[in-house]
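Open the model in your viewer and keep the selection panel at hand. Each stop below says what to select, then what is there.

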Amino acid sequence: MVWLILSLVAGILLLLILVSKRTRSEKEPPLDNGVIPWLGHALEFGMDAAKFLTRMKVKHGDIFTVRVAGRYVTVLLDPCSYNAVLEDSVSLDFTCYAQILMDRIFSLQLPCYNPVVEKKMMTQHFNGKSLSLLNNLMLRHLQSLLLQSQRACHNQTDWNTDRLFNFCYSLLFRAGYLTLFGGEQNNNRTDPTDVYEEYRKFDQLLTKMARSTLKPEEKRTALSVRGRLWELLAPAGLGEDSGSSPWLRNYRHLLQEEGVDEETQRRALLLQLWSTQTPENIAMRAVRREFSCFSEQDSAQLPLVDRQHPTPVFDSALEETLRLKAAPFITREVVQAKTLHMAGGRDYQLRRGDRLCLFPFISPQMDPEIHQEPQKFKYNRFLNPDGSEKKDFFKGGRRLQCYTMPWGAGTNSCVGKHFAISSIRQFVYLVLTHLDLELCDPEAQMPKVNASRYGFGVLQPEGDLDIRLKPRHSH
Ligand code: HEM
């Protein structure tokens, strides 16, 4: 009898939790609970966040709160008000949510996780002289991988086929892996191609891992691929002869000093591999003309390493690619109640325990008021008619500080930005100067974007495009 009463009470409580809805106070952003108890908008959000948030923006305006799997997430889509969020690290916390993802995706809990120390170390290793050394090494690895792939081609004079996204991802991933993690040395013979192949499988399941929505079969694959990657990464960063970058060796050392065991160290390495590997998907036209003015001698070394030649056309084309394809959520945990001052003059109260999310992809990046015909790729969108960099973009008559935000902004903006840009510049330069490359079907349509990846960094295509490539003999 007692059990019956207890289960009834528990059932009623559960039901109450499921159907209870929060009500909005006057000073809070518009609230949208969705119709499904507890889940709220989780399904629509997960399927295509860009479509869902655009619909909410039309319904509620630039700021609103939605219920997502029991959590309340306030979404801010007014770029003129982003600074109020990005510069407040007291009420808004960057690390809580990052730690939740670390656990869900990498099964990683660091006992003495200290993001300040980690970030300081990374900033030091990805700037100044250290950055030049990394850029140099990256260039060497890109060159030798490209040469290897040319030698592997059966036919040196005729066309070989590949797939565009796979070709770019594989080359950049392996060169980046060799630069940061090593892999050619005696005690670290891990083949970067093995890591790439396992990593692609892992990457395909990553968004589902982050949302805890893996099906049983997918979960089995995810766990086994993750285990394999931990094994492959095991030698990285261990001593000078691992061939790894000083940053990774220092990072390992830091973990060891904190008493982190070997198994957890490998998990942390996979997290670092993920945070340093972002695929790029670039279309290039006028860039070849700009790059063709580097002399043969130049091309071997310095301009690609230390930016001695300005490359405004390339810079604009990359900015435009990232405007269209970089779609991260910038998420903060509200750790103490906050009044958010909007640029338009209105104030909104944010509740402690809620999450705050900026989605610069919708605005500024795809905002038609800021960028005309935002769906179109215009390589010269960020160039003035005189060829200099264009920085004047407006919304509501206001000149914008952030008119595209692929790297985030404020206190937590991307530490690896300069390394990433330099690697992409080198990659594009080498491919355009060493290879002739064309679509197998000139009429082929761009594959659709994988909509479930909105919010998780750079977008990826659903499918790929067949390409033909052959060595460029003029080089
Ligand atoms: C195309 C390539 C990349 C893009 C688009 C990108 C984008 C971003 C963005 C948007 C953030 C801000 C997140 C936030 O405020 O919530 C960020 C942070 C960060 N990025 Fe990148 N990133 C790229 C490549 C890299 C690389 C190559 C590295 C390392 C070598 C790196 C290391 C980091 C780190 C450590 C942070 C956190 C900064 C902090 O703790 O304050 N990123 N990145």
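The tour starts with the whole chain, then visits strands and helix pairs.

**Whole chain**

This is a predicted model: local features need pLDDT of at least 70, side-chain atom pairs count only at pLDDT 80 or more, and totals for chains, interfaces and linings use all residues. Residues are numbered from 1 along each chain as its sequence is written.

Colour by secondary structure. The protein has 18 helices and 13 strands. Helices (H or I, at least four residues) and strands (E, at least two) are DSSP runs, numbered from the N terminus. Of the 475 residues, 33% count as buried. Buried means that 20 or more other C-beta atoms, placed from the backbone, lie within 10 Å of the residue's own. Now consider contacts, meaning pairs of residues whose C-beta atoms, placed from the backbone, lie within 7 Å. Among those between residues at least 6 apart in sequence, 74% join residues at least 24 apart.

**Stop 1: strand E2**

Select residues 63–68, strand E2. Six of its six residues are buried. On one side sit Ile63, Thr65 and Arg67; on the other, Phe64, Val66 and Val68. Both faces are covered.

Add residues 31–32, strand E1. E1 pairs with E2 in the parallel sense over two bridges; pairing requires that DSSP finds at least two bridges between the strands. Look for Leu31 opposite Thr65.

Next add residues 71–76, strand E3. E3 runs antiparallel to E2, joined by six bridges. Val66 has Val73 in E3 as its bridge partner. Zoom in on the turn: two residues separate E2 and E3 in this hairpin, and Ala69 there has a positive phi of about 45°.

**Stop 2: the E5-E13-E12 sheet**

This open sheet has three strands in the order E5-E13-E12, paired antiparallel. Select its edge strands, E5 (160–163) and E12 (435–439); each pairs on one side only. Neighbouring strands are turned by 30° against each other on average, direction ignored. Axes here are lines fitted to C-alpha atoms, for helices over the stretch in contact, and angles run from 0 to 180 degrees between N-to-C directions.

Add E13, residues 466–471. Four bridges link E13 with E5, and Asn160 is partnered with Leu469 in E13. Then show helix H8, residues 164–181, which packs on the sheet and touches E5 and E13. The direction of H8 makes about 80° with that of E5.

**Stop 3: helices H5 and H9**

Select 95–106 (H5) and 192–210 (H9). They pack at about 125°, with axes 9 Å apart. H5 and H9 are therefore oblique to each other; angles under 35 degrees count as roughly parallel, over 145 as roughly antiparallel, 65 to 115 as roughly perpendicular and the rest as oblique.

Show side chains. Leu101, Arg104 and Ile105 of H5 meet Leu206, Met209 and Ala210 of H9. By class, this contact has five nonpolar, no polar and one charged residues. Ala, Val, Leu, Ile, Met, Phe, Trp, Tyr, Cys and Pro count as nonpolar, Asp, Glu, Lys and Arg as charged, and the others, Gly among them, as polar.

**Stop 4: helices H6 and H11**

Finish with 115–125 (H6) and 246–257 (H11). Their axes come within 10 Å and cross at roughly 160°, so H6 is roughly antiparallel to H11. Which residues of H6 and H11 make the contact? H6 contributes Val117, Met121, Met122 and His125; H11 contributes Pro246, Trp247, Asn250, Tyr251 and Leu254. Seven are nonpolar, two polar and none charged.

How values were computed. A residue is buried if 20 or more other C-beta atoms lie within 10 Å of its own, exposed if 12 or fewer, and partly exposed in between; C-beta atoms are placed from the backbone. Two residues are in contact if their C-beta atoms, placed from the backbone, lie within 7 Å.
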